[in-house]
Amino acid sequence: QHPTRYQLDTISTEIPVRIEHTSGHGAVVNSRALQMLGITRETPDPVGGKIERDETGEPNGILLETAAWQKLESIVPDPSNTELQAALKRANAYLLERGITSASDAATSLDEVSVYHKAVMLQSLQVRVNLMIDWAEVMSSVDFQSPPRPADLQPGMVSGHKLHVGQAKIFSDGAITTRTCKLTAPFEGMPLNTGILIHELEQLRHYLIQGHRRGWQMAVHAIGDMAVGEVLDALAEAQRQQSRPRPGHRIEHCMLLDSALIARLRRQNIWSIGQPEFIARLGDAYLLALGEERAHRLSPYATLEAQQVAQAFSSDCPVVPGAPLDGILAAMQRTTPSGHILNANEQISAESALHAYTAAPAYATRTENDRGTLEVGKWADMTVLSCNPLTTPPDEWSQLKVAATFVEGSCLYGEDAL
């Protein structure tokens, strides 16, 4: 059960109160915040969103998907440039502590691109960052008569490849935990709910085709099986309209799959970008939302590997803490917080999981020429661990620690950090 405005009203009816769901796909606000947002019983659900209501028809404060983010600036002020630079500094330290030398910002606004450019100039960006541009914002912006190409947003000074404008990111559906990912069959115990498509299908196809035609590597959030199918249809149409050699398009999360969808991923050369930590942190919620059979079909890492589907791992932090060592263990065990194993047949080896967190993401972000493996001619980015992950048994995994993190040969985390 989500909390509602009525619980939040006990905190305050004068100050706007807002709490966000861990998935990032929903929020709950109090009555004062609803008033400031201009949401009443007459307010219709926005496209790609839902305003939940109580038994009398009044908004109960629960806002899902686009409804959770509309007019947000009216109750939550935008951070200043100084605050954003400070946040980047904290994020750098957080990532280095977990052994991460390269990361992706998976929903970068146009304003935030300039924040990253400034961080490069200030030499405060320690971790290499791949930017995934908010494509819906770009396509709806009056500033662009035609969509930009990747080079249009690439910084003039890359500064040792610390910053890379890589993908055009767009959301097709919601999340499992908020019952908003788009499914072919209803959620467990909710016969009328098959989830939400964030964009109308024609608009989604238009966005994806335009991005493809302008040379972008498209990165599409799709979790439910229906959403994955619709995205594959749109990307196939984009390739039919303008053939590109291996455009490298990606589906972020790509969770609820069947054999037909897996075959299409392989045939269309689409990357599947998984998050093993989801199972370890949220797996029990998946069982509740989808039931046993569908939950066991989630994130079939071993099958994707066997079927030679391009696969890389990430975290989706801050949905989960985002430590690759935790993700490797989760991919090996697939154990939920309560101890339930979500399909032991889909467990993969430590070596496969390690590859999916290192070399594979470099290829998935098109930065493999200078990172992802330790080779002559590449940047000397590396992580030193306290034990060998390939020989450490899962029941001794807690012994594995990040001893040091190096970027371009310089130790930035550990006893010898600069």
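This briefing walks through the sheets, helix crossings, enclosed spaces and backbone details of the structure above. The model is a predicted one, so please read every value below as computed from that prediction. Two open sheets come up: one has seven strands with parallel pairing, and another has three strands with antiparallel pairing. A search of the whole structure also turns up one cavity of 30 Å³ or more, and the second largest pocket has a volume of about 450 Å³.

**The seven-stranded sheet**

- Reading across this open sheet, the strand order is β5-β6-β7-β8-β9-β10-β11, and the pairing is parallel.
- The edges are taken by β5 (102-108) and β11 (311-313); each has a single partner strand, so one side of each is left without a neighbour in the sheet.
- On average, neighbouring strands in this sheet are turned by 30° against each other, with direction ignored.
- For a closer look at one pair, take strand β9 (residues 250-253) and strand β10 (residues 271-274), which pair in the parallel sense over three bridges.
- Within that pairing, Arg 250 has Trp 271 of β10 as its bridge partner.

**The three-stranded sheet**

- Here the order is β12-β13-β14, in an open sheet with antiparallel pairing.
- β12 (382-385) and β14 (410-414) are the edge strands, and each of them pairs on one side only.
- Neighbouring strands of this sheet are turned by 20° against each other on average, again ignoring direction.
- Strand β13 (residues 402-407) and β14 run antiparallel and are joined by four bridges.
- If you want a landmark for this pairing, Val 407 stands opposite Ser 410 in β14.

**Helix crossings**

- Two packed helices are described by the angle between their axes and the distance between the axes.
- Helix α4 (residues 81-97) and helix α5 (residues 110-121) have axes that come within 10 Å and cross at roughly 65°.
- That angle makes α4 roughly perpendicular to α5, and the crossing of α4 and α5 is right-handed.
- Helix α13 (residues 324-333) and helix α14 (residues 350-357) have axes that come within 9 Å and cross at roughly 135°.
- α13 and α14 are therefore oblique to each other, and their crossing is right-handed.

**The largest cavity**

- About 90 Å³ of space lies in the largest cavity.
- Its lining is made up of 14 residues, and those nearest the centre are Ser 23, Ala 175, Ile 223, Phe 278 and Tyr 286.
- Helix α11 (residues 277-295) gives the most to this lining, with three residues.
- By residue type, the lining of the largest cavity divides into eight nonpolar, five polar and one charged.

**The second largest pocket**

- This pocket has a volume of about 450 Å³.
- It is lined by 17 residues, and the closest to its centre are His 2, Glu 52, Thr 178, Arg 179 and Met 190.
- Strands β3 (49-53) and β4 (59-65) each supply at least two residues of this lining.
- β4 gives the most to the lining of the second largest pocket, with three residues.
- The lining of this pocket divides into four nonpolar, ten polar and three charged residues.

**Backbone details worth a look**

- A cis peptide bond joins Cys 317 and Pro 318, with omega at about 15°.
- Pro 318 is found in the loop between β11 and α13; β11 is also one of the edge strands of the seven-stranded sheet.
- Arg 334 has a phi near 55°, a positive value in a residue other than glycine.
- Look for Arg 334 in the loop between α13 and α14, the two helices whose axes cross at roughly 135°.

Note on methods
Residues numbered from 1 in each chain as written. Predicted model: local features only at pLDDT ≥ 70, side-chain atom pairs only at ≥ 80, totals over all residues. Heavy atoms only, no water. Pairing = 2+ DSSP bridges. Axes fitted to C-alpha atoms, helices over the stretch in contact; angles between N-to-C directions. 1 Å grid on protein atoms, 1.4 Å probe; cavity = no way out; pocket = protein on both sides within 12 Å on 5 of 7 lines; lining within 4 Å. Points joined across faces, edges and corners; volume = space filled by probe spheres on them. Nonpolar A, V, L, I, M, F, W, Y, C, P; charged D, E, K, R; others polar. Parallel < 35°, antiparallel > 145°, perpendicular 65-115°, else oblique. Left-handed = near helix turned anticlockwise from the far one by under 90°.
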